[in-house]
Structure formats: structure tokens, C-alpha cells
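Please read the following report alongside the sequence and the three-dimensional model. It takes up a few individual residues, then the interior, the cysteines and a part of the surface.

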Amino acid sequence: MTTSNQLNFPFSDLVAGYIRSVSYPEIFDCKGMVELETSDGRIYSVKITDACYAEIVRNLGEPFQVAPDIKQILVEDRFVHAYGIFYPEESGLKFEAKHMLLFGQTKDDLRIEEQNWWIHQIQQLLNFYLESQFSVEEGETIDFKNFRTDLSAEGDKQDGVQNLDTISRLIYGFATAYMITGDERALEASINGTEYMQRHFRHQNKSEGICYWYSQIDIQSDGSLRKYMGSTAGGDEGGNAIPCYEQIYALAGPTQTYRLTGSPTIRTDIDDTISFLNRYYKDHGPYGGYYSHVDPVTFDPKADSLGVNKAKKNWNSVGDHAPAYLINLYLATGEQGYATFLEDTFDTICDHFPDYGYSPFMNEKFFDDWTHDLKWGIHQARCVVGHNLKVAWNLTRMQSLMPKDSYKTFAHQIADAIPPAGCDNQRGGWYDMMERTLKDGEEHYRRVWHDRKAWWQQEQGILAYYIMAGVYDDKPEYLRFAREGSAFYNGWFLDYEQGGVYFNVLANGQPYSLGSERGKGSHSMAGYHSFELCFLAAIYSNLLVNKMPMDFFFKPEPHAWPDNKLRVAPDLLPPGSIELAEVWIDDKNYTDFDREKLIVNLPETDKAVRVRVRIEPAGLGFSAGLTNYENSIGTFTLDGDLTKCKLPFLKRAVERVPGMNGMILDMSNLKSVDDTGWNYLLFTKQQRGANFSLQLKGLNPEITQGLKDAELDEEFAVIG
């Protein structure tokens, strides 16, 4: 009798893990054998065939990264992705690797944590969306009438549709890109996009003090506009409802632009939209929270026309306020009213979302009185993995603003429950929608429709585990989960050929390119999650985990901020963990700022000024930032005192940029260099070979004298 469901055929797959042992048996077609341990502790014997090729992970806009020799690759404790073929044979299941993805030149080198990795990536995303949406020549204005929701895989426009939440979230991406690159095109795009929304999507009722936003605009063939009140997105009753999440995300782009400029017209729109949300979506009865939908004519959340959405609440209507606009609004203003709104949001989440007596996943759909709605549409009794991770990430942000045991406890419950239930411990990355409970005889939580992985859910996992690793010191595995998730995302989601990132990949990392998941723009996808990931992953990995400084850019309008105080905190981080080290206004050094409060006291002026700030981990006393990399020459800006105890920060910054042919060290803000510092610079130049150049600029008199005393003034070129 033949046993059913026999695994007796070869198939290709991915194994992500850590090399635990290496051997070189004399076997035909074998470069080496490794024992590979997965994230959850399973061991695979992997044959590296002579047909196997290896590469180092590359960023968007980079060419193929050649890997080192196989003997250098096969090193114990190195983390690798091995893609190959499984062969079921009588002696057991054999795995032969055909493609190996490495994450650095050495086992301890993580390219995905280079100081500039995410900043470079957001620059490439900016270039892609500017070209795809606007194709402007130098000197031309970025016109959002040319924006389209739907983009093909190649970045081509599909129709005349402009969706509210999509356009706003792309504007968020542009504003965020400006904040960490200083690219003026990104600033122009965020300002022009916000103004376009105000002209064409906004409905103001000044007598009532409210503002709401049209769901969709169709650009007709004759150039005229057709506007929609109700949403046409799936699950929103085919235009018969206005979902709360659309009005929430209408504020994403304008609020991030407001952080840059302080524009009073944007602030008015934000506050009037919040008034609208509080008047019509908020439950003012004993239960609290926000309803998920209102009728597009009467704004009634309990109208019969809403069907399955009548008097319902969900994750998006309750929790999305915080990441979409509210945290950024608090960062910009520091106003207590927004802090109170955040507290109410997270208290509501902690009161009603945990469901650990029933499932390792939180509940997301609710009736009016917070009882669980387990029959709603396609959702049923299911969970979205990314929503769980999003809650853990945002609870940890909130913990830095207003610490509570409930926030910490719930974040840890999610972070501990997701890896065995919603994470792919074989290949890396996080799954999409899962059944919330095990049925009889089941050992694995079932994926609902597929085992694909969406780009935005990878973002939630990476950010959740990075910030928890940086804020809490009680779970060392959180940093491992962050790095493994980041490795999967950077290894398989970046589209090197066309630009941008893939919407979905298969479980094994290969792109999934069918239907609406084929494109780079849709109602679900815009330049939001990918930009947000770059922005916050850079902040968490640099400022919290690796203790590296970052620069941020702002362009405040004159007299926009009360008392001319510009708040520049990049995110909600633990009090005292970061400080404002240096400020430039219109590229000139500026000294009127509050280091601890992260506030720049702007000068009196009648024009917008370009503000660049350097934020670094508190108490560092020294920073070394890679500010330019061109023609294999790295420019590092040094700040503070280069002493023996601070030398590891410089070494780490230099070692994170492999393949350099030379360095330029900008010492304009460096106070001193001790003998250990000079010895390191000389040894580095000697070690890198005769063709390696090392140039110094901006030396103060003390450092100039120290260079002469060390008799190195003929060894290092002093420029500028």
C-alpha cells in the first residue's frame, strides 16, 4: 500500500541560518559541507556544489557584489541564506546549495547595519518614485496632477486614479526622504503634494471647524476631475462608506511635511481633521474608541447602509492614529493634548486587543461594545501578522514617552508569541494572514490563502524588534530577530532591475508578480512603508543599537514655530538616550540650541532656512559619520575628541565601508587627537596598501600641532 503525501520529489527552497561547522570532504562536485542552524535551532547539512555561486547583499542602485573566496565564506557563526535543491533519497533528505547570499565580507560584518545603508536606500526609492510619477527635467516643477495610484512593476502609470491615502502616504515618503537626505527635490515634492491635496481632496467646513478628505479623484480623458466621497476599496462596501483609516492616512503626508516646515495652513488642516474624526468616528459613549466606518452622506457610524461595517471598530480605526500622524504631530509640537490622545489610544489597545487565552495573536475586529467580531468579511477569526508587530513597535515608542507596565507587557507578549507562530524560521521574514487558532490535529498555525510575504509586514517586524532591542535590555534575541528580518527584506525585496521594492515575495524569497501584487503602486502600496522603514530602521540601528550619529534636515517657514523653537527629535526614544550635538543653518555652523531637549532656537529671519542637525547617542563624546562615498573614497566627518576610549567608534565606522581606496577625514568639528588616534590612522593607511590615500581637512591649531609632533605631516595630505 502506498503511503499518501510522500515527499519523494526534488524541490527548490531557501534555508537561512548560522554556519555551525565546516568540512571539506572529497566528494564529487563538492566545494565544502556545512552544518547550518536555523533561527529556531534546527540543523541542516548543506552541500556547497561547484555550481554554487555566492554574492554579498547589495543595496538598491548597486551592482552585483562579488563574494570572497569559498574558504573565507565558509566560516563558523556566519549568517547566510542558502538557496538550493532538496533531494529526498533513501538515506534521508539531501540539500545542495546553488546560490549563497552573504551579508558582509566577514562573518561579523553586516552591510545592512552600515551607517548609511538605509539612507542610501531611501535616496534610491526617492529617485524611483520621482521618475515614475513625475519624470521632471531639471528646473521643472513637480506637479501632482501627474500622480497616479497604480504603477506597473516598471513604474509605468496604469490609469487616471488618484487615491487619498495613497497620495498622502507617498507625500509622507518624500518628506521623510528629505529629513534624512536633505535632497531638495524631496522637500519640493512633499510641499507641492500637500498643497495639491489641499486644493483638490480637502473639504473644509470653517463654520463647524472640521475638515475631511475625498476618497478618490479620477482624472478624466479631457483633464477634468471626478471626485468620490465613499471609498471604492475592498471591504468598504463599494463606495457606501468612508473608512476611518482613509481619513487617518490623509494626515500622514501633511503631518510629516509640517514637521519640516511648520506651515500654519497644514496645522489648521490637521487639527480640523482630528475634530472631524472626534466628532463622527469617536464613540462618546461608555465604550470609547473609534468606529471603523461612517455613512458618506450623514457621517453616521451606525447607519444601516454600512452593512457589515455598521457600528464596528478595528485595529485601523483605533491604532493607526499613532504611527500615521499622531506621534509625528507630537514630535513636531510637544503639546500635551497630543500626548493625552496617544495615551488614550494605547490604553484602549492594551484594554481590548490582547487575546492570549484564545490565540497567540491579538484580536483586531470588534463590535460596538468591544466583544470580538469573528465573522467579519474575509477576516473572520484570523489575524494579520504585521498588525501584531505594528502594535509591539508602537507600544515601545509610547513607552519612551509615558512608561507603563501595560505597554511593556503587551509589547513583550507580542514579540515573544510571533516568532514561533507567524515567523518563517526556515527562510526568514514574516507571513501575512494567519488562522488565529489550531484546529484538531494541527501543529502549525495555518496561513489563510498563501505563504507569501508582503513588504509592509516585514517593515513592522524589523522596526518592532530593532526598537525593542534598543529600548529594553532583557531579551537579546530581539536584536537577532531584527537582523534576520532585515536580512530577508534586503536580500529578496529589492528590485535591482526596475527599482523600488516588490509588493510580495514567495516564502522562499522569489518575487511574486501576478495581479495587483505585480505593481509598484496600488491602493495598498505607495512610497510609505518602504520609506518609513528606511527612516526608522536607520534611527533605531544607528542611534540605539550601534551608537552612531545621524544628520537630519528641516526647512521651517519664518515664524512658523512658537517662540521660533524647532523640535528635531527624530522619534519617540528613551529620555536621555540621544542629544543634539551640532547644528548648521544654511550650511553655516550655528550654536543656539538645547542639547538635551533637542530644540533649535531659530534665528529671526523673513525667509525659510535650511536646518541641518546632528543627533548622536548621549554621552558619546565622539562621532564619526560617513557623509559621502564616491569613486571608492569615503568621507567621514569627525566630531568631539578622538581618544583611546573613543577609537572603537571610528574603527567601526571605517570597517563598515569595505572596498575603500581612500578616506577623507573632515576634522572641522574635532577638538583633539591623542597618540592612539594618530597610530590608528597610520596603521590603517599602512594596512590598506600603497595606493590607499588618507586626507585630512579642517584641522584646528591643536590638531595641526599634534600632527607635526607625531611627524605625520608628510604622511597624510592636509587639504582645504
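In this predicted model, Glu484 touches Tyr18, Ser39 and Phe79, when residues up to four places away in sequence are not counted. Glu484 belongs to helix H14, which spans residues 477–492, and it counts as buried because its relative accessible area, 8%, falls under the 20% cut-off.

Another residue to follow on the model is Pro549, which is found in the loop between helix H15 (529–545) and strand S21 (550–554). Pro549 is likewise buried, with a relative accessible area of 7%. Leaving out residues up to four places away in sequence, Pro549 touches Gln115, Leu543, Arg614, Ile615, Glu616, Pro617, Ser623 and Ala624. The C-alpha atom of Pro549 is also separated by 9.7 Å from that of Glu579, a residue 30 places away along the chain.

Turning to the nonpolar interior, the largest core has 175 residues, and those with the most contacts inside it are Tyr325, Tyr540, Phe552 and Val613. For Tyr325, once neighbours within four places in sequence are left aside, the contacts are Ile248, Leu251, Thr255, Ile274, Leu277 and Phe341. A second, separate core is made up of 31 residues, including Val673, Leu694, Leu699 and Ile703.

How many disulfides are there by the distance rule applied to the cysteine sulfur atoms? The count comes to zero. Two cysteines illustrate this, and the table gives for each the nearest cysteine sulfur.

| Cysteine | Nearest cysteine sulfur | Distance |
|---|---|---|
| Cys244 | Cys211 | 14 Å |
| Cys383 | Cys423 | 13 Å |

Because a disulfide requires two cysteine sulfur atoms within 2.5 Å, Cys244, whose nearest cysteine sulfur is 14 Å away, is in no disulfide, and Cys383, with its nearest at 13 Å, is in none either. Cys244 is buried, with a relative accessible area of 0%, and for Cys383, which is buried too, the value is 0%.

On the outside of the model, Leu7, Phe9 and Leu93 make a nonpolar surface patch of about 280 Å². Leu93 lies in strand S6, which covers residues 92–102. Why can Leu93 be counted in such a patch? Patch residues must have over 30% relative accessible area, and Leu93 meets that condition because its value is 44%, which makes it partly exposed.

Note on methods. Residues numbered from 1 in each chain as written. Predicted model: local features only at pLDDT ≥ 70, side-chain atom pairs only at ≥ 80, totals over all residues. Heavy atoms only, no water. Patch = residues over 30% accessible without salt bridge, like charges linked within 9 Å, V, L, I, M, F, W, Y side chains within 5 Å. Areas by Shrake-Rupley, 256 points an atom, 1.4 Å probe, with all protein chains shown as cover. Salt bridge = Lys/Arg side-chain N within 4 Å of Asp/Glu carboxyl O. Helix = DSSP H or I, 4+ residues; strand = E, 2+ residues; numbered from the N terminus. Buried < 20%, exposed > 50% of the residue type's maximum accessible area, 1.4 Å probe, protein only. Core = buried A, V, L, I, M, F, W, Y, C linked by side-chain atoms within 4.5 Å. Contact = heavy atoms within 4.5 Å.
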